[in-house]
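Let's take a friendly walk through this structure and look at its aromatic rings. Have the sequence and the 3D view ready as you read.

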Amino acid sequence: MTTSSQHAVTLQQLMESSRGDALGLQLSQMVKGLENPSDITNIAFSNIRLDSRQVATNEVFVLLQSQSKNCQKSREYVSQAAKTAAFILAEIDPLALFSSSDRQLDDTQPSAQQQLAALPCPVIYVPDIREFLGELIQACLQSQQPVALPTVVAVTGTNGKTTISQLVAQLTQLAGMSSAVMGTAGNGKLGALVQASHTTGDALAVQQFLYQMGAEGAEVLALEASSHGLDQQRLQGVPVKVAIYTNLSRDHLDYHADMAEYAAAKAKLFDKRHFPTLTHAIINIDDEHAQVMLETAQASGLIVFTYSLYASKDASFVASAITPSLEGVDISLHSQAESQLEDNQFANKPLNQINIVSPLLGRFNVANLLAAIAAAVALGISLERIATLVPQLQGAIGRMQRVPSNDGCFIVDYAHTPDALSQVLDSLRTHCHGQLWAVFGCGGDRDAGKRPLMAQAGLAGADQVILTADNPRSEDPNAILQDMQVGMDDEQYQRTHIEPARQTAIAYAVSHASADDIVVIAGKGHETYQEIHGVRHDFDDSIILQQALQQAGRI
């Protein structure tokens, strides 16, 4: 969002240009409570920043409450930004911040009011800033050069977000729409992805990217909506048209208090109060938490498409027959979705039965594909056309990614939760004629409660298990491995090999697996690093696996 001063805008101008819409009302409410509104409404600014270190002259700094709620740091951010900022919008009450109890004051020190008055720029308390921050950022960008934003398809759920967003982008691109993605595997137009640091970036990064993709002519943007991003309103102002729910399993309980809170965060994506541009919800009714999403979507008056892998279920899209092979899956797809659409060329169309030939391995990828197909239908692409496009699809990097070998089958996958690992192993079991191997670990500085659950998921789904390091971060890899072994019995130990060094563990699997075996290297997928003691070392599972196969003479 770098601009020159000639592109400066004022809050007054933004209020006038957005008069009558949600942003205009929010800005009017914000300035209504000020003693002298003109103190900030007529100040020209060229940019909005969320990082105090990046604030240049005549830019606006937005102070958001951090998860740690560290008042001392927040005061430092304000003081630093105030040196150059046009003004500051604070989610935290500035008076409370500068008079907080963790600051050691004496009678000779200035009061909070005096400290604020002494700052070089105004600081305005806006407790509900997150409710319109995205729209405010986008309005600033549009004031520089108006661009048409892409239609947004957002995917949420514990597993499947990356693959589904990639498949949606591929299907729409193959159908003739310029498409882009935003998520774990990278951001950008298809074929030109840039690695991302977060599944869902902060509000500024999201709006900048949305604007950039519009400027580059993208017509469709498929993005991953993480529970953190939804809970922290980082997607506020994103014009989501189609929302997809995959599933919910134990993950991020170091952030969410429990599964109910986790589900509630996901459900925000289907609420028109948060995303007023929504028209369609696509929901996996095979998941036990689907009802929360269904109720939210129905209360918002959305067109709801459901999907299922079970022929007995009454869903908009049902995989009534699934035939796996090492080349992919043949799917008999039963659909009534096109007859649900009231305002397009599919209206009143009878039930469809169509054969889909998918190059994607695994039963769970059938579910991912159904979600992507449903999104394509919601965007106006016919099932017949989709069926001709599916054979051209490619799986996301690090998601059920097969690494070539002369014999055996070697897979790299991002599965890093017990449920995801179980799904991967269960899916590959149908393809496996020999033994099924699983190589995985658990990340450090994350939910320790899932560590033994991960081990049990691997032992339940695989014949042979190799426990190793994932991203230990600041923790001792051996301590993490000890946590994973809690509850293991003698039979399980007999088919478990423990090797803390991940590269050595991968080499062990390659050298011990037979020609009929399938080996899954799970947990890191697309990642190109391994974080140890706070340092990221180059480490790509697919490359390490290729090297091990080469050294073993298997490629």
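Start with Phe 305 and Phe 317, which are both buried, meaning that each has under 20% relative accessible area (over 50% would be exposed, in between partly exposed; 1.4 Å probe, protein chains only). Before going on, note that this is a predicted model, where local features need pLDDT of at least 70, side-chain atom pairs count only at pLDDT 80 or more, and totals for chains, interfaces and linings use all residues. Residues are numbered from 1 along each chain as its sequence is written, and side-chain values use heavy atoms, with hydrogens and water left out.

How many aromatic pairs does a search of the whole structure find? The answer is two. Rings of Phe, Tyr and Trp (its six-membered ring) pair if their centres lie within 6.5 Å; planes under 30 degrees apart are stacked, over 60 edge-to-face, and the rest tilted.

One pair is Phe 45 with Phe 87, edge-to-face at 5.6 Å centre to centre and 85° between the planes. This pair links distant parts of the chain, 42 residues apart: Phe 45 is in the loop between α3 (38–41) and β1 (48–49), and Phe 87 is in strand β3 (residues 87–90). Helices (H or I, at least four residues) and strands (E, at least two) are DSSP runs, numbered from the N terminus. Phe 45 is buried at 2% relative accessible area, and Phe 87 is buried too, at 0%.

Now back to Phe 305 and Phe 317: they form an edge-to-face pair, with 5.8 Å between centres and 70° between planes. Phe 305 lies in strand β11 (residues 303–308) and Phe 317 in strand β12 (residues 317–325), so the pair ties together parts 12 residues apart in sequence.
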